[in-house]
Amino acid sequence: HDGDTLRAVDSNGRQMKVRLAYIDAPEINQAFGIASRDELRREVLDQMVMLTLYGHDQYHRWVAKVQRQGRDINLSQIKTGDAWHYVSIAKLEQSFEDYTTYEQAQSVARQARKGLWQQRDPQARWLFRKSERAEKQNANQIDGFSIN
């Protein structure tokens, strides 16, 4: 779907939408968004994975750690510079060990200027969404009236 969301199919053929826990990837229409999605596809498409489910988010997606052959795919997205560590949520919910590992991986990716860190100051996904909403709102205003 994108760099931090995928569709998984269980052994009974049921589909579920899964949000990778503790990471945030660029939007598809944002710089490095397609590259982030493609990296996640490369890692998991048509592969058997293990999901550690943490619950649901506000969009009713499962939030999970995704592992393939023992490798933490969420962490992998950070290591390749295809996602940020989602610190505001991770501070509250992620284990100390994983939090430290994810932070270190992001620091290494940033220093190596991998993926989204190729930009001097990459715009975080949440700021990108906020600016897009503001642009849409401004585009819908004519002489002080808002078009809904």
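## A tyrosine at the surface, and its partner

Let's start with Tyr54: this residue is partly exposed, with a relative accessible area of 40%. Keep in mind that we are looking at a predicted model. Tyr22, on the other hand, counts as buried, since its relative accessibility is 10% and the cut-off for buried is under 20%.

These two tyrosines belong together. Searching the whole structure turns up 1 aromatic pair, and Tyr22 and Tyr54 are the residues that form it. Their rings sit 5.6 Å apart, centre to centre, with 50° between the planes, which makes the pair tilted. Where do Tyr22 and Tyr54 lie? Tyr22 is in the loop between β2 and β3 (23–24), while Tyr54 is in strand β4, so the contact ties together parts that are 32 residues apart in sequence.

## The largest pocket

Now for the empty space. The largest pocket holds about 440 Å³. It is lined by 21 residues, and those closest to its centre are Leu6, Arg7, Ala8, Val9 and Val44.

Which elements give two or more residues to this lining? They are β1 (5–9), β2 (15–20), α1 (33–44) and β4 (50–56). Strand β1 makes the largest contribution, with 5 residues.

## What the lining is made of

Sorted by class, the lining of the largest pocket comes out as 11 nonpolar, 6 charged and 4 polar residues. Strand β4 links the two topics here: Tyr54 of the aromatic pair lies in that strand, and β4 is also among the elements that give two or more residues to the pocket lining.

Methods: Residues are numbered from 1 along each chain as its sequence is written. This is a predicted model: local features need pLDDT of at least 70, side-chain atom pairs count only at pLDDT 80 or more; totals for chains, interfaces and linings use all residues. Side-chain values use heavy atoms; hydrogens and water are left out. On a 1 Å grid over the protein atoms alone, a cavity is a set of points where a 1.4 Å probe fits but cannot get out, and a pocket is an open set with protein on both sides within 12 Å along at least five of seven lines; lining residues have an atom within 4 Å of a point. Grid points are joined across faces, edges and corners, and a volume is the space filled by probe spheres set on the points. Helices (H or I, at least four residues) and strands (E, at least two) are DSSP runs, numbered from the N terminus. Ala, Val, Leu, Ile, Met, Phe, Trp, Tyr, Cys and Pro count as nonpolar, Asp, Glu, Lys and Arg as charged, and the others, Gly among them, as polar. Rings of Phe, Tyr and Trp (its six-membered ring) pair if their centres lie within 6.5 Å; planes under 30 degrees apart count as stacked, over 60 as edge-to-face and the rest as tilted. Buried means under 20% relative accessible area, exposed over 50%, partly exposed in between (1.4 Å probe, protein chains only).
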